[in-house]
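Biologist: I'd like a close look at one part of this protein, the aromatic cluster. Could you take me through it slowly, and then show me how the rest of the chain is arranged around that picture?

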Amino acid sequence: MNTPALSTLPAVRERDHVTGSNSPRLTLVEYGDFGCQYCFAVSRPVKALLDRFDGLRLVWRHFPAPQLHPRADLAAELSELAGLRAKFWDAHSLLLTPHGRFSHDDLLSVAGRLELDPAETQAALRERRFRERVLADAEGGRRAGVHATPTFFVDGERLDRPWRELAQIVPARLAAA
């Protein structure tokens with residue numbers, strides 16, 4: 001069913017972006033790319049699971065593929081800036097897109113909708129202030145066997161089945177917990 005990754009999947013830390021239960025019985029870790037159409041497609045079903053199950057939490061980690069989704073790495077960096085203002089999940093919702101690419105104006109528009117300071121946003125993107133944070137997520141994903149997005153880990157085990165099966169796996173695992 002799943003590939004164990006407990007030894008290579010980085011542990012959930014304070015720096016991670018977490019939503020859902022504060023006392024989880026089940027943790028989903030998603031490695032995603034804001035420009036990935038499949039990450040966009042899975043976002044609503046995952047939100048529905050989070051809304052339905054109190055014992056579930058989601059951890060988002062960056063795994064951008066700018067060669068496939070232009071400026072997805074900058075979108076991830078913008079989300080980190082938003083995270084400093086407690087707006088990561090708002091940025092997450094605005095940045096997930098099915099079209100696979102971001103223009104500079106797209107990123108600035110999202111920053112405006114998040115009410116981020118325009119000068120700070122421009123400087124952060126130009127200077128790549130959050131590049132290392134995004135690269136660290138991606139490197140952790142590679143060590144855990146991530147090759148594409150979205151890749152999910154269910155309590156540390158890589159989901160090697162279609163992500164649509166989360167709708168059956170999550171309730172079953174929570175019932176067993």
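**The aromatic cluster and its surroundings**

Modeller: Let's get our bearings before zooming in. Reading from the N terminus, the elements come in the order β-β-β-α-β-α-α-α-α-α-β-β-α, which makes 7 helices and 6 strands. Keep in mind that this is a predicted model. Its radius of gyration is 16 Å, close to the 16 Å that the globule rule gives for 177 residues, so the protein is as compact as a globular protein of that length. The C-alpha trace spans about 50 × 30 × 30 Å along its principal axes. Buried residues account for 50% of the 177 residues. The protein exposes about 9,000 Å², with carbon and sulfur atoms supplying 50% of that.

Now for your cluster. A search of the whole structure turns up 4 aromatic pairs. Take Tyr31 and Phe63: their ring centres sit 6.3 Å apart and their planes meet at 85°, so this pair is edge-to-face, the cut-off for that being over 60 degrees. Tyr31 belongs to strand β3 (residues 26-32), while Phe63 is in the loop between β4 (56-62) and α2 (72-84), so the pair ties together parts that are 32 residues apart in sequence. Both Tyr31 and Phe63 are buried.

Tyr31 has another partner. With Phe153 it makes an aromatic pair that is also edge-to-face, at 5.9 Å centre to centre and 75° between the planes. This one links distant parts of the chain, since Tyr31 is in strand β3 and Phe153 is in strand β5 (residues 151-154), 122 residues away. Put together, Tyr31, Phe63 and Phe153 form one aromatic cluster.

How buried is each member? Tyr31 has a relative accessibility of 0% and therefore counts as buried, the limit being under 20%. Phe153 is buried too, with a relative accessible area of 0%. Phe63 comes in at 10%, and it also counts as buried.

Phe63 is worth a longer look. Setting aside neighbours within four places in sequence, Phe63 is in contact with Tyr31, Gly32, Asp33, Ala138, Gly141, Arg142, Val146, His147, Ala148 and Thr149. As for His92, 29 residues from Phe63 along the chain, the C-alpha atoms of the two are separated by 13 Å. Links between distant stretches show up across the protein as well: among contacts between residues at least 6 apart in sequence, 79% join residues at least 24 apart.

Follow the chain on from the Phe63 loop and you get to α2, where Glu80 lies. Glu80 is buried, with a relative accessible area of 8%. A polar contact of 3.5 Å joins its side chain to that of Arg133. Not counting residues up to four places away in sequence, Glu80 touches His17, His62, Phe88, Phe130, Arg133 and Val134.

Helix α2 also matters for the nonpolar packing. The largest nonpolar core has 25 residues, and Phe34, Leu78, Leu95, Phe102, Leu107 and Leu116 are the ones that touch the most other members. The elements giving two or more residues to this core are α2, α3 (88-95), α4 (104-113) and α5 (118-127), and the largest share, 7 residues, comes from α2. Leu116 shows how this looks up close: leaving out residues up to four places away in sequence, Leu116 touches Leu78, Leu81, Ala82, Arg85, Ala111 and Thr121. There is also a second, separate core of 17 residues, including Val46, Leu58, Leu159 and Leu166.

One more helix rounds off the picture. In α5, the residues Thr121, Ala123, Ala124 and Leu125 are buried, and the buried residues of α5 pack against α2 and α4. At its N-terminal end, α5 is capped by Asp117, which has a side-chain oxygen 3.2 Å from the backbone nitrogen of Ala119. After α5 comes Arg128, with a positive phi near 55°.

So if you're turning the model on screen, start at Tyr31, which pairs with Phe63 and with Phe153. From there, go along to α2, the helix that supplies the largest share of the 25-residue core.

Terms used: Residues numbered from 1 in each chain as written. Predicted model: local features only at pLDDT ≥ 70, side-chain atom pairs only at ≥ 80, totals over all residues. Heavy atoms only, no water. Phe/Tyr/Trp six-rings, centres within 6.5 Å; stacked < 30°, edge-to-face > 60°. Helix = DSSP H or I, 4+ residues; strand = E, 2+ residues; numbered from the N terminus. Buried < 20%, exposed > 50% of the residue type's maximum accessible area, 1.4 Å probe, protein only. Core = buried A, V, L, I, M, F, W, Y, C linked by side-chain atoms within 4.5 Å. Contact = heavy atoms within 4.5 Å. Rg over C-alpha atoms; globule rule 2.2 N^0.38 Å. Areas by Shrake-Rupley, 256 points an atom, 1.4 Å probe, with all protein chains shown as cover. Polar contact = N/O pair within 3.5 Å; in protein donor to acceptor, adjacent residues only side chain to side chain.
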